Amino acid sequence: MGTKLTLTASDKHTLGAYRADPKGAPKGGMVVIQEIFGVNKNIRHICDTLAGHGYAAIAPAMFDRFERDFDSGYSADEIAHARSFLGSLNWDHMMLDVAAAKAELKDVGPIGIIGFCMGGSVAFLAGCRIPGLAAAVSFYGGAIGKFADEKPKCPVQMHFGEKDESIPMSVVEDIKKKQPQAETYVYPGAPHAFSNDDRPSFRQDAADLAWKRTYEFLAKNMK
């Protein structure tokens, strides 16, 4: 369903992206931010699914600044390799890449952002730092606690698993206190990456409910 394209950030960095468009006129646009596994099959599928719901969706390749076209699976070796990039992450650069993806969608109506794991933190931060977004949705963003004192410029929705091995519930409670205006949901018994149906952590009930809430949130705010 989707196509590959190249974006140019304001610092002249070029990066790849995957874009999926709805069959009819779009309701708006969604920037989709990857986990640490690149714009892989799961992220492309999310773009396709959002397009099926009427949104033009674009996933910028956030790791193109240090490895072009990175696309990973979930074996132990692949996870270890993907995690090796975490020390190279630059949040300011990622905001430039998000802004480039947002600019690509400028003609489709209101624009939101959604992200997963690392991308969930990027989505929250973009909601605070990038003007003009209509909504920001974060799935299990592990670094949000570090940025929880920042003030979002748009409505924010966050999803966390109660049994997330990398995001303690104490951090989620702190985020709730600092972001009382946000919709923050915790899914009982759900681990990290509970919405990724390509991973053993997938939990159907939690994923279905989180996506139901996501689409309701987008319908309310993407106007």
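**Salt bridges, a covered helix and aromatic pairs**

Asp 174 has a relative accessibility of 29%, and it counts as partly exposed because this value lies between the 20% limit for buried and the 50% limit for exposed residues. The model discussed here is a predicted one. The side chain of Asp 174 meets that of Lys 178 in a salt bridge, with 3.4 Å from N to O. Lys 178 is also partly exposed, at a relative accessible area of 35%. Both Asp 174 and Lys 178 belong to helix H6 (residues 169-178), where a separation of four residues places them about one turn of the helix apart.

This pair is one of 15 salt bridges in the structure. Another one joins Asp 71 to Arg 44, whose closest N and O atoms are 3.1 Å apart. Asp 71 is found in the loop between strand E4 (55-60) and helix H2 (76-83), whereas Arg 44 is part of helix H1 (residues 41-52), so the salt bridge ties together parts that are 27 residues apart in sequence. Asp 71 is partly exposed, with 43% relative accessible area, and Arg 44 is likewise partly exposed, with 24%.

A further salt bridge connects the side chains of Arg 19 and Asp 21, at 3.0 Å from N to O. How accessible is Arg 19, buried or exposed? With a relative accessible area of 14%, Arg 19 is buried, while Asp 21, at 34% relative accessibility, is partly exposed. Salt bridges can also be linked into networks, as with Asp 11, Arg 65 and Asp 97.

The loop between E4 and H2 that holds Asp 71 also contains Ser 72. Ser 72 counts as buried, because its relative accessibility of 8% is under the 20% limit. Leaving aside residues up to four places away in sequence, Ser 72 touches Phe 37, Asn 40 and Glu 78. One of these contacts, Phe 37, is buried too, with a relative accessible area of 3%.

Phe 37 leads on to the aromatic rings, for which the count comes to 15 pairs. The ring of Phe 37 is paired with that of Tyr 74, their centres being 4.8 Å apart; the planes meet at 75°, so the arrangement is edge-to-face. Which parts of the chain does this pair tie together? Phe 37 lies in the loop between E3 and H1 and Tyr 74 in the loop between E4 and H2, so parts that are 37 residues apart in sequence are tied together. A tilted pair is formed by Phe 63 and Phe 66, with 5.1 Å from centre to centre and 40° between the planes. Within this tilted pair, Phe 63 is buried, at a relative accessible area of 2%, but Phe 66 is partly exposed, at 32%.

Aromatic residues also come together in a cluster, made up of Phe 116, Phe 139, Tyr 140, Tyr 187, Phe 194, Trp 211 and Tyr 215. A ring can have a charge for a partner as well: the charged end of Arg 213 sits over the ring of Tyr 185, at 4.0 Å from the ring centre.

Among the helices, H4 (residues 118-129) offers a simple check on geometry. At 1.5 Å a residue, its 12 residues should span 16 Å, and the end C-alpha atoms are indeed 16 Å apart, which agrees. How many residues of H4 are buried? The helix is mostly covered, with 11 of its 12 residues buried. Among the buried residues are Met 118, Val 122, Phe 124, Leu 125 and Cys 128, together with small side chains such as Ala 123 and Ala 126. The partners against which the buried residues of H4 pack include both strands and helices: strand E3 (28-33), helix H3 (91-104), strand E5 (111-116), strand E6 (135-139), helix H5 (144-147) and strand E7 (156-161).

The N-terminal strands complete the picture. Strand E1 (residues 3-8) and strand E2 (residues 14-20) run antiparallel and are joined by six bridges. Across this pairing, Thr 6 stands opposite Gly 16 in E2. Together E1 and E2 make a hairpin with five residues between the strands, and Lys 12 in the turn has a positive phi of about 80°.

Notes
Residues are numbered from 1 along each chain as its sequence is written. This is a predicted model: local features need pLDDT of at least 70, side-chain atom pairs count only at pLDDT 80 or more; totals for chains, interfaces and linings use all residues. Side-chain values use heavy atoms; hydrogens and water are left out. A salt bridge is a side-chain nitrogen of Lys or Arg within 4 Å of a carboxyl oxygen of Asp or Glu. Buried means under 20% relative accessible area, exposed over 50%, partly exposed in between (1.4 Å probe, protein chains only). Helices (H or I, at least four residues) and strands (E, at least two) are DSSP runs, numbered from the N terminus. The expected span of a helix is 1.5 Å times one less than its number of residues. Contact means heavy atoms within 4.5 Å. Rings of Phe, Tyr and Trp (its six-membered ring) pair if their centres lie within 6.5 Å; planes under 30 degrees apart count as stacked, over 60 as edge-to-face and the rest as tilted. A charge sits over a ring if NZ of Lys or CZ of Arg is within 6 Å of the ring centre and within 35 degrees of the ring normal. Two strands pair if DSSP finds at least two bridges between them.
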